[in-house]
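Colleague: I would like a close look at the charged pairs in this model, taken one by one.

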Amino acid sequence: MRRQITKCETEYSLFGEINGIKLKVRADAIDVENGIVADIKTTGSDTDLESWKYSVDDFKYQLSGAMYCKLFSMYYGKPFRFYFICLGK
């Protein structure tokens, strides 16, 4: 993933509409060529997999990831994969 992130554009904003709802997303990192979008999340909790799964569920992060993929896929006409980059404070 590190190699992929170094090729990305950062702070990339996109405006769109899903089901009549106007939306704005700002990807922390995006690689349009390879269909990758990433969002950096910082947490005061542990960054182990089980703690991170709890945070994703608790804050409904999976919904924002799906929205990012949907908007970028609609705009560029190709599928995108979404990654969270989790950093501990």
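Colleague: To start with one partner, is D57 buried, partly exposed or exposed, and what is its relative accessible area?

Modeller: Bearing in mind that this is a predicted model, D57 is partly exposed, with a relative accessible area of 45%. The side chain of D57 meets that of K60 in a salt bridge, at 4.0 Å from N to O, and K60 is likewise partly exposed because its relative accessible area, 43%, falls between the limits of 20% and 50%. This pair belongs to a set of three salt bridges in the structure.

Another of these joins E50 to K53, with the closest N and O atoms 3.5 Å apart; both residues lie in helix α2, which spans residues 49–59, and they are three residues apart, about one turn of the helix. Here the two partners fall into separate classes: E50 has a relative accessible area of 55% and therefore counts as exposed, the cut-off being over 50%, whereas K53, at 46%, counts as partly exposed.

There is also a salt bridge between D39 and K41, in which the closest N and O atoms are 3.1 Å apart, and for this pair the setting is a buried one, since D39 and K41 are both buried.

For sequence context, V37 is among the residues that touch the most other members of the largest nonpolar core, which has 13 residues. Leaving aside neighbours within four places in sequence, V37 is in contact with A27, A29, I30, Y68, F72, F80, R81, F82 and Y83.

Key:
Residues numbered from 1 in each chain as written. Predicted model: local features only at pLDDT ≥ 70, side-chain atom pairs only at ≥ 80, totals over all residues. Heavy atoms only, no water. Core = buried A, V, L, I, M, F, W, Y, C linked by side-chain atoms within 4.5 Å. Buried < 20%, exposed > 50% of the residue type's maximum accessible area, 1.4 Å probe, protein only. Contact = heavy atoms within 4.5 Å. Helix = DSSP H or I, 4+ residues; strand = E, 2+ residues; numbered from the N terminus.
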